[in-house]
Amino acid sequence: MAKVSISEAARLAGKSRSHLYEKYINAGAISVETLRDGKKVIDTSELIRVFGSISLADSTEDIENTFEDSLGHVENNKEDNLFKALRAENELLREYLRAKDEEVAWLREQVSRTTALLTHQKSESQPSKKWWWPW
């Protein structure tokens, strides 16, 4: 596709030049090419990828996303990726839950051992019956 200057790209996207730099170029959402003469340009396909469509001043028509025909495929691919990510997250959470269950079981065992030791020590430490008044 055609390459346009930063100012022209901002006009086509309907954004200010500073907003385009701040939110998209500096953030890495839009890639910028530098020509041999040092001029920075943006490919219009980058604008279409990020904004979905760009508008021409001469015409009321928008240049629609070139991938519109395959948009259904892109949506399915996004859903598949989302499904895979959710499945991986679910498995990770299950593994985390198993580890926490093991930790709780270990802690319960420690509490029961400590309780057994304390009750046993208490029964051993009880003095035999002595008279109230030592003679």
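User: How do you know how far to trust this model, going by the mean pLDDT of the protein?

Analyst: It's a predicted model, so the predictor's own confidence, on a scale from 0 to 100, is what we go by. The mean pLDDT of the protein is 77, and 73% of its residues reach 70 or more. Among its elements, H2 has the highest mean, 90, while strand S5 (residues 62-64) has the lowest, 43.

User: What makes residues 58-70 a stretch to be careful with?

Analyst: Over that stretch, pLDDT stays under 50. The model does give residues 58-70 16 contacts beyond four places in sequence, but where pLDDT is low, the predicted coordinates shouldn't be read in detail.

User: What's the overall layout of elements, from the N terminus on?

Analyst: There are four helices and five strands, in the order β-α-α-β-β-α-β-β-α.

User: How do you know which strands sit at the edges of the S1-S3-S2 sheet?

Analyst: The sheet is open, with three strands and antiparallel pairing. S1 (3-5) and S2 (33-34) each have a single partner strand, so each keeps one side without a neighbour in the sheet, and that makes them the edges.

User: What makes S1 and S3 count as paired?

Analyst: The cut-off is at least two bridges. S1 and S3 (residues 40-43) have three, in the antiparallel sense, so the pair qualifies. In that pairing, Lys3 stands opposite Asp43.

User: And how do you know that S2 and S3 pair?

Analyst: Two bridges join them, and at least two are needed, so this pair also passes. The strands run antiparallel, with Glu33 facing its bridge partner Val41 in S3. S2 and S3 form a hairpin with five residues between them, and Gly38 in the turn has a positive phi of about 90°.

User: Where else do glycines with positive phi turn up, say after H1 or H3?

Analyst: Just after H1 there's Gly14, with a phi of about 75°. H3 is followed by Gly52, whose positive phi is near 90°.

User: Why is Glu46 called buried or exposed?

Analyst: Buried means under 20% relative accessible area. Glu46 comes in at 15%, so it counts as buried. Glu46 is found in helix H3, where Thr44, Leu47 and Ile48 are buried as well. Leaving aside neighbours within four places in sequence, Glu46 is in contact with Ala29, Ile30 and Ser31.

User: How does H3 lie relative to the sheet strands?

Analyst: H3 (residues 44-51) lies across S1 and S3, and runs at about 60° to S3.

User: How do you know where the buried residues of H1 sit around the helix?

Analyst: In H1 (residues 6-13), the buried ones are Ile6, Ala9, Ala10, Leu12 and Ala13. Looking down the axis of H1, they fall within an arc of 165°, so they line one face of the helix.

User: What about the buried residues of H2, which ones are they and how are they placed?

Analyst: They're Leu20, Tyr24 and Ile25. The arc they cover around the axis is only 70°, which puts them on the same side of H2. Ser18 and Glu22, on the other side of H2, are exposed. H1, S3 and H3 are among what covers the buried residues of H2.

User: What makes up the largest nonpolar core, and which members touch the most others?

Analyst: That core has 13 residues, and Ala9, Leu20, Ile30, Ile42 and Leu47 touch the most other members. H1, H2 (17-25) and H3 each supply at least two residues of the core, with H1 giving the most, four. To belong, a residue has to be one of the listed nonpolar types, buried, and joined to the set through side-chain atoms within 4.5 Å.

User: Which residues does Ile30 contact, apart from its neighbours within four places in sequence?

Analyst: Ile30 is in contact with Leu20, Tyr24, Ile25, Ile42, Glu46, Leu47, Arg49, Val50 and Phe51. Three of these belong with Ile30 to the group that touches the most other core members: Leu20, Ile42 and Leu47.

User: How much of the whole protein is buried?

Analyst: Buried residues make up 13% of the 135 residues. As for how far contacts reach along the chain, among those between residues at least 6 apart in sequence, 39% join residues at least 24 apart.

Key. Residues numbered from 1 in each chain as written. Predicted model: local features only at pLDDT ≥ 70, side-chain atom pairs only at ≥ 80, totals over all residues. Heavy atoms only, no water. Contact = heavy atoms within 4.5 Å. Axes fitted to C-alpha atoms, helices over the stretch in contact; angles between N-to-C directions. Buried < 20%, exposed > 50% of the residue type's maximum accessible area, 1.4 Å probe, protein only. Arc of directions from axis to C-beta.
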